[in-house]
Amino acid sequence: MDMATTVVTMMGDMAMNVTMGTDMSDMDMDSDDMNMDMNMVFNFDLDFDLLFNGWNIVEPWQMVLSFIGIFIVAGAYEGLKVLREVLLRNSATVQQSRSILMRDSNGGSSTTQMLETFTEGRVHFCQGMHFLQTLLHVIQISTSYLLMLVVMTYNVYLCMAVVLGAGTGYLVFGWRKAIIVDMNEHCH
């Protein structure tokens, strides 16, 4: 198959005709290799590749294994977020408690336990904890993008695996989260 394409480019007052010859006879383009179907609506399909060419889901047992794997990854993602927060909090702060004697309006007194948190020292660029936090951050971002791509398959089963896995992960690990909202959190 020999094709010629003429492109006309207008640049100010000057017009240029460019002819490009394209001979595609030597290219092996089977119709099976050009399968680029992508669902843009939620579906229950069982015949597709997930994330990689080798991860084919054709049989129901493959969907079940994929569901379990994605469920575990989504739960581990929530655990990773909490782990990063706990490591950062433990490495950069010191907590101490002290008792305070408080008087109420009736002249009575009560002892209240107070927890103080303050920063001690500085985190330096070349510290091991900073490198660990960087590695965990890269893993967290990579995992979040892979989970996003799983949801973008629009497969209902896999979307449920991400949502249920993240919910279960938050249930298991979320109680350790600080009350402070992290403004650097991705994808939420």
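Where is the place of Q140? I found Q140 in helix α2. Worth noting up front that this is a predicted model, so I looked at confidence before going further.

**Confidence**

I get an average pLDDT of 75 for the protein, with 56% of the residues scoring at least 70. The low point is strand β1, residues 2–11, at a mean of 45. The high point is α3, at 95. Over residues 1–19 the pLDDT stays under 50, and for that stretch the model has 28 contacts beyond four places in sequence. I'm leaving those contacts alone for now.

**Helix α2 and Q140**

I checked the span of α2 (residues 128–151): its 24 residues reach 35 Å from first C-alpha to last, close to the 34 Å expected at 1.5 Å a residue. Next, which residues of α2 are buried? My list has Q133, L136, Q140, T143, S144, L147 and V150. A reminder to myself: an α-helix has 3.6 residues a turn, so residues three or four places apart point the same way.

Is Q140 buried or exposed? Q140 counts as buried because its relative accessibility is 4%, and the cut-off for buried is under 20%. I then looked up its partners. Setting aside neighbours within four places in sequence, Q140 is in contact with Y77, L80, K81 and R84. I also took the C-alpha separation between Q140 and E78: 9.1 Å, for two residues 62 apart along the chain.

**The core**

What makes up the largest nonpolar core? I count 12 residues there: F48, L50, I57, M63, I70, A74, Y77, L147, V150, L158, A161 and V162. Helices α1 (60–92), α2 and α3 (156–173) each supply at least two of them, and α1 gives the most, with 4. Y77 turns up twice in my notes, as a core residue and as a contact of Q140.

I picked L50 from the core for a closer look. Not counting residues up to four places away in sequence, L50 touches W55, I57, S66, I70, V150, T153 and L158.

**Helix α3**

I ran the span check on α3 too: 18 residues reach 25 Å from first C-alpha to last, close to the 26 Å expected at 1.5 Å a residue. Its buried residues are V156, L158, C159, A161, V162, G165 and G169. Which residue caps the N-terminal end of α3? I have N155 down for that, with a side-chain oxygen 3.0 Å from the backbone nitrogen of Y157.

Conventions
Residues are numbered from 1 along each chain as its sequence is written. This is a predicted model: local features need pLDDT of at least 70, side-chain atom pairs count only at pLDDT 80 or more; totals for chains, interfaces and linings use all residues. Side-chain values use heavy atoms; hydrogens and water are left out. Helices (H or I, at least four residues) and strands (E, at least two) are DSSP runs, numbered from the N terminus. The expected span of a helix is 1.5 Å times one less than its number of residues. Buried means under 20% relative accessible area, exposed over 50%, partly exposed in between (1.4 Å probe, protein chains only). Contact means heavy atoms within 4.5 Å. A nonpolar core is a set of buried Ala, Val, Leu, Ile, Met, Phe, Trp, Tyr and Cys residues joined through side-chain atoms within 4.5 Å. pLDDT is the predictor's confidence in each residue, from 0 to 100. A polar contact is a pair of N or O atoms within 3.5 Å; within protein, one must be able to donate a hydrogen and the other to accept it, and residues adjacent in sequence count only if both atoms are side-chain atoms.
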